[in-house]
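Visitor: I would like a close look at one part of this structure. Please take a helix, show me which way it faces and what it packs against, and then place it in the wider picture.

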There are 2 protein chains.
Amino acid sequence: MTESIIEQLKAAAKAKQFLQQFAPDAKKVALEAIAAALVQHEVVILQANKIDLDRMDDEDPKKDRLLLNSVRLRALSDSVRQIADLADPTDQLLLRKVLPNGLEIEKITVPLGVVGVIYESRPNVTIDVAALCIQSGNVCLLRGGSDALHTNEALVNVIHAVLDTQGIPKDIVQLLPVARKYVSELLEATKYVDIIIPRGSQSLIDFVRANAKVPVIETGAGVCHTYVDKTADLDMAAKIVANAKISRPSVCNSLDTVLVDADVAATFLMKLAPYLEQVAVEVFADPIAYRILEDQKFSNLVAAEEADFGREFLDLKCSIKTVEGLDEALEHIATYSSKHSECIVSSNELAIERFLNIVDAAAVYANASTRFTDGGEFGLGAEIGISTQKLHARGPFALEKLVTEKWIVRGNGQIR
Amino acid sequence: MTESIIEQLKAAAKAKQFLQQFAPDAKKVALEAIAAALVQHEVVILQANKIDLDRMDDEDPKKDRLLLNSVRLRALSDSVRQIADLADPTDQLLLRKVLPNGLEIEKITVPLGVVGVIYESRPNVTIDVAALCIQSGNVCLLRGGSDALHTNEALVNVIHAVLDTQGIPKDIVQLLPVARKYVSELLEATKYVDIIIPRGSQSLIDFVRANAKVPVIETGAGVCHTYVDKTADLDMAAKIVANAKISRPSVCNSLDTVLVDADVAATFLMKLAPYLEQVAVEVFADPIAYRILEDQKFSNLVAAEEADFGREFLDLKCSIKTVEGLDEALEHIATYSSKHSECIVSSNELAIERFLNIVDAAAVYANASTRFTDGGEFGLGAEIGISTQKLHARGPFALEKLVTEKWIVRGNGQIR
């Protein structure tokens, strides 16, 4: 084991220059070839994946995320092909002007440069990030979890073999070693790395935020609320809340807390309860909601503590709080939201516009499930994650945002 | 002295809500009133400024930066009026679509929220930042240097008095106490502060980058090169280099290092030397340039050490290095540049395009002085600084970039 990844980082910075002269066609050709090679090398990839799976405890919930099979590998391959079909986000002219002194100024989009991604055990991240970075002309440094080591090595080997036949430097896609100490080195490498994206658990994101000197785009944690106003169509509200919680509880755009106007709480919860009972959702209820659900003989009921609000459950669990109208709902959301996706269900236009205007979140909804916050759903293609911070990218962070700007100034001797 | 600024931070986060409902007119009216009040309260402001100046050593170079007088106060007032005339960057529709399922999706610009600015002794930063934040609907937290304490208090008092008469919460513009410990509190306040902008010396920027958990936009340090190609018009090259170094050496877009093709080094340096001699620029020269300048009896000559390349001089000093052609120049810039402003002087179109394409910097120039990298010069109005990183804003960071995006989704019961 080497003592430093500095040589890898230097090679990445050097490979940037190649990518800045990358013909748009070459990207598409390379991605199509990678898509084909992934399917072609199925046996080798699945063998490597089996080594990783065999090392993992059968009860480990990460096992399913790590698992590859023919169907999933084909889906990965399709994803690469879809990325190859997206519009190239680089070299877009954003502004052009000629100053009175004759200077010609252009602002164009250019690749970010070297993108470091720190993630956990999903092999699809390896492929999606590599494909998105190739299509946007960025070098990527992949630091996946140790659980997925052999799988990631097999996937990156397939990519490297393709790049090699295309005459593209392999250094544009690099897998970093998994030891912890290299993560610190990556986070401090301001000289070689332009941006770090942590993708995974809140603890991973917190660690990166606390330790990175390289600029970071945070993706991830979603503490999502749905507020049911007293004017809401309560049947619709129950369906929206149930969908936001149940359709895929393990993802960041799923519902964590229901806020319901006290005036309609009893009727609404009567409509909601059957949906939640059906899949045994555990409910952490405030005193009023608790009494209502208890009366309805709701089975999986817990008295909410303070810590159950602002909690990202990522599971078939949610908290419920009754509020005295919109202002209290807004106040609650301002206090507990992670600024990801927030929803109001209402038929009062004024209340809706006030909510959409005041709530500070990447995506704000009226009368629809928060589960739609997704690059694919919004028509942006594969995403690297959902950004919950405000700089550069907010909400789905997809291909279009893997660029920065560059000012180009052409003169004939102008001085100031 | 209080033990914490938490109450100020909370008040800032709360004031955000007011600004999200701020009528565009109200902003303009408030800024016009502030512009008038600054001139009207000249006596009080200059008295406060005198207290700060009297505390400072006469030899301190910061004294001139801190000094206010009638003329400078009028310039501050004019700057506020100019900002009031800039287009409101918020509430711009970036994208609108209706999905097949009927969901209406909009992406609009919204204020960042709470903007913290950490700076040194220039009182114009206080006024420019406050005015830019009001015009973009942001709350600002101003943490100026202790040298300027009384001046900043007087300026913010004037702003507060105006806000008060307009019925606008004073919490939208807050001066933070100067003690060091509060800076750490500000840098970690991810719950209340949306973005931190350090504005000042490299050591300040490094401190903020190393310690902030709140996202940071870096502005500042410029290690700027001008490469004189062998095909350059050498008279023009000498004028451009002289202007980039001499016109205002204390700012970040001024020249630090000249790279000159060895083939033309002797002729070029003969043309450049008189400009440098005239204002006694101290030159740190590599062996070849040293010999040439020594032959020409250049007076202020030092043999360059490794540390003289990649050094931001901010003074009448520069380093000179001879190179064997464009590739060596590109390599040198990739190694030592701070990615601010870089220039080629050449009459070879291929060399120019290669330079503009490959050099990784916020602004790249052909045949013009790097001194043009400036929000005002680029037509963006007053700037908060020059961003040398790649996320969100690159190059002049002005009003247009004091916003983030928000996705607004309107439905009628859609679930996924």
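**A helix and its surroundings**

Guide: Start with the overall build. Chain A has 14 helices and 16 strands. The model is predicted. Chain A is split into domain 1 (6–218 + 389–410) and domain 2 (224–372). The C-alpha centres of these two domains of chain A lie 36 Å apart. Along the principal axes, the C-alpha atoms of chain A fill a box of roughly 75 × 65 × 35 Å. The radius of gyration of chain A is 24 Å, which agrees with the value near 22 Å for a compact globule of 416 residues. Of those residues of chain A, 52% count as buried. Among contacts in chain A with a separation of 6 or more, 71% join residues 24 or more positions apart.

Now the close look: helix α5 of chain B. This helix runs over residues 70–85 and has 16 residues. From first C-alpha to last, α5(B) reaches 23 Å, close to the 22 Å expected at 1.5 Å a residue.

Which way does α5(B) face? Its buried residues are B:Leu73, B:Leu76, B:Ser79, B:Val80 and B:Ile83. They cover an arc of only 110 degrees around the axis, so they sit on the same side of α5(B). An α-helix has 3.6 residues a turn, so residues three or four places apart point the same way. On the other side of α5(B), the exposed residues are B:Ser70, B:Val71 and B:Asp85.

Next, the partners. The buried residues of α5(B) pack against three helices of chain B: α2 (24–40), α3 (42–55) and α6 (123–135).

Compare a second helix, α13 of chain B, residues 326–336. Here the buried residues are B:Leu326, B:Ala329, B:Leu330 and B:Ile333. Seen down the axis of α13(B), they fall within an arc of 100 degrees, so they line one face of the helix. B:Asp327 and B:Thr335 are exposed on the other side of α13(B). The cover over the buried residues of α13(B) includes the strands β7 (224–228), β8 (255–261), β11 (317–323) and β12 (341–345) of chain B. It also includes helix α14 (349–358) of chain B.

Follow chain B past α13. B:Lys339 lies in the loop between α13 and β12 of chain B. Its phi is positive, about 65 degrees, although B:Lys339 is not a glycine. B:Lys339 counts as buried because it has 23 C-beta neighbours inside 10 Å. Chain A offers another case. A:Leu314 also is not a glycine, and has a positive phi of about 50 degrees. A:Leu314 is in the loop between β10 (301–303) and β11 (317–323) of chain A. With 16 C-beta neighbours inside 10 Å, A:Leu314 counts as partly exposed.

Then the core. The largest nonpolar core has 268 residues. Those with the most contacts inside it include A:Val115, A:Ala130, B:Cys140 and B:Ile196. Take B:Ile196. Leaving aside neighbours within four places in sequence, B:Ile196 is in contact with B:Gly116, B:Ile118, B:Leu187, B:Val208, B:Ala212, B:Val214 and B:Val216.

Last, the two chains together. 56 residues of chain A are in contact with 56 residues of chain B. On the side of chain A that touches chain B, elements that each supply at least two residues include α1 (6–19), α9 (202–211) and β13 (363–368) of chain A. β16(A) gives the most to that side, with 11 residues.

Note on methods: Residues are numbered from 1 along each chain as its sequence is written. Chains are lettered from A and ligands numbered from 1 in the order in which they are written. This is a predicted model: local features need pLDDT of at least 70, side-chain atom pairs count only at pLDDT 80 or more; totals for chains, interfaces and linings use all residues. Domain bounds come from an automatic or database domain assignment. Helices (H or I, at least four residues) and strands (E, at least two) are DSSP runs, numbered from the N terminus. The expected span of a helix is 1.5 Å times one less than its number of residues. A residue is buried if 20 or more other C-beta atoms lie within 10 Å of its own, exposed if 12 or fewer, and partly exposed in between; C-beta atoms are placed from the backbone. The arc is that of the directions from the helix axis to the C-beta atoms. Two residues are in contact if their C-beta atoms, placed from the backbone, lie within 7 Å. The radius of gyration is taken over C-alpha atoms; the globule rule is 2.2 Å times the number of residues to the power 0.38. A nonpolar core is a set of buried Ala, Val, Leu, Ile, Met, Phe, Trp, Tyr and Cys residues joined through C-beta atoms within 7 Å.
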